[in-house]
Amino acid sequence: MNPPTQVKKIPILPLLIALALLARSADARLAAISDFNGDDHRDYVLQNDNTYQTAIWYLDNNVLVSDVHGPTLPTNWFVVGVADFNRDGHPDYLLESDTSQTAIWYLSGRTVIAGAYGPSIPSGWFLVGIADFNGDGYPDYVLSNLTTRQTAIWYLRNNVHIGGGYGPTLPTNWWVAGVADFNRDGHPDYVLESGTSYQTAIWYLSGLTFTGAAYGPTIPTGRGWGLEGIADFNSDGYPDYVLENFNTYQTAIWYLRNNVLISGAYGPILPCAWDYCSPWDYGCCP
């Protein structure tokens, strides 16, 4: 099977209109984050834009402890997320091709042990998140239509699409920047970001249903920072924001309690040509 890695070609107008949350620079990628070494700390998944090699950076909160190479991706496929699809206790790579086919690379630590194709993403729709929305223990796809602003959830059982439904429609100039359970009610929520003000907001969901909202912190994009991922780094049970500065490649963690910014800390600096893995890859550093 030939899974992912290359720049995904996205029409320029939807890019300019809808990418304020995801494509802040030529290196912008939404972070792939999970615990790969079982120490209960979230780790970064990086991808080399030139060689398609992946790497896992083991972190203790915001501190880089060590790093290892992960599997190398074939041309025209790329990592768009990480989740445990076969429920073996190990996070797996979710891949997408430039034809919008998805695939799962099942991992044990950093080693590929198997692979399977997932559903193809229909034209006009983009994969923007992964979370278990129907409570069956399997990760599901979150899709967004950049033209209609409609969102949708595709329920999966491992790699198989078994059903789905429409989620809430997004307001103009706002897009889904991530998915996590911010109010700790057991249901994943949308993180939205404004393409004009870079204000973030949490849309609280119960399954597919919108139940409430609150503003989150504003991303300081004027200083080169972008929101790149969502995960709980300080183990307080609340998801945090991962930021990257696209001028310096410095990362940072914004610690949140629900929608409120509590504090922050710098994370490791990314080497040139290595990026967070994301569905929104527009090239590599000069």
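Reader: Which strand gives the largest share of the lining of the largest pocket?

Author: In this predicted model, strand S9 does, with 5 residues. S9 spans 125–131, and strand S1 (32–34), strand S5 (77–83), strand S13 (174–180) and S17 join it in supplying at least two residues each.

Reader: What lies nearest the centre of the largest pocket, and how many residues line it?

Author: There are 43 lining residues, and Ile33, Val82, Ile130, Val179 and Ile230 lie nearest the centre. The volume of the largest pocket is about 1000 Å³.

Reader: How many residues of each class, nonpolar, polar and charged, are in that lining?

Author: The lining has 23 nonpolar residues, along with 12 polar and 8 charged ones. Ile and Val count as nonpolar, so the residues nearest the centre, Ile33, Val82, Ile130, Val179 and Ile230, belong to the nonpolar class.

Reader: Why is Arg149 called buried?

Author: Buried means under 20% relative accessible area. Arg149 has 11%, so Arg149 is buried. Its place is in the loop between strand S10 (140–145) and strand S11 (151–157). The phi of Arg149 is near 70 degrees, a positive value in a residue other than glycine.

Reader: And Ser235, why does that one count as partly exposed?

Author: The partly exposed class lies between the 20% and 50% cut-offs. Ser235 has 42% relative accessibility, so it falls in that class. You will find Ser235 in the loop between S17 and S18. Ser235 also has a positive phi, about 60 degrees, although it is not a glycine.

Reader: What makes Ser197 partly exposed?

Author: Its relative accessible area is 40%, and partly exposed covers what is neither under 20% nor over 50%; therefore Ser197 is partly exposed. Ser197 sits in the loop between strand S14 (189–194) and strand S15 (199–206). Its C-alpha atom is separated by 9.7 Å from that of Trp174, 23 residues apart along the chain.

Reader: How do you know that strands S18 and S19 pair?

Author: Pairing needs at least two bridges. Strand S18 (residues 240–245) and strand S19 (residues 250–257) are joined by 4 bridges, so they pair. The two strands run antiparallel. For Val242, the bridge partner in S19 is Ile253.

Reader: What is the strand order in the open sheet of 4 strands, and which are the edge strands?

Author: The order is S17-S18-S19-S20, with antiparallel pairing. Strand S17 (225–231) and strand S20 (260–269) are the edge strands, because each pairs on one side only. From one strand to the next, the twist averages 25 degrees.

Conventions. Residues numbered from 1 in each chain as written. Predicted model: local features only at pLDDT ≥ 70, side-chain atom pairs only at ≥ 80, totals over all residues. Heavy atoms only, no water. Axes fitted to C-alpha atoms, helices over the stretch in contact; angles between N-to-C directions. 1 Å grid on protein atoms, 1.4 Å probe; cavity = no way out; pocket = protein on both sides within 12 Å on 5 of 7 lines; lining within 4 Å. Points joined across faces, edges and corners; volume = space filled by probe spheres on them. Buried < 20%, exposed > 50% of the residue type's maximum accessible area, 1.4 Å probe, protein only.
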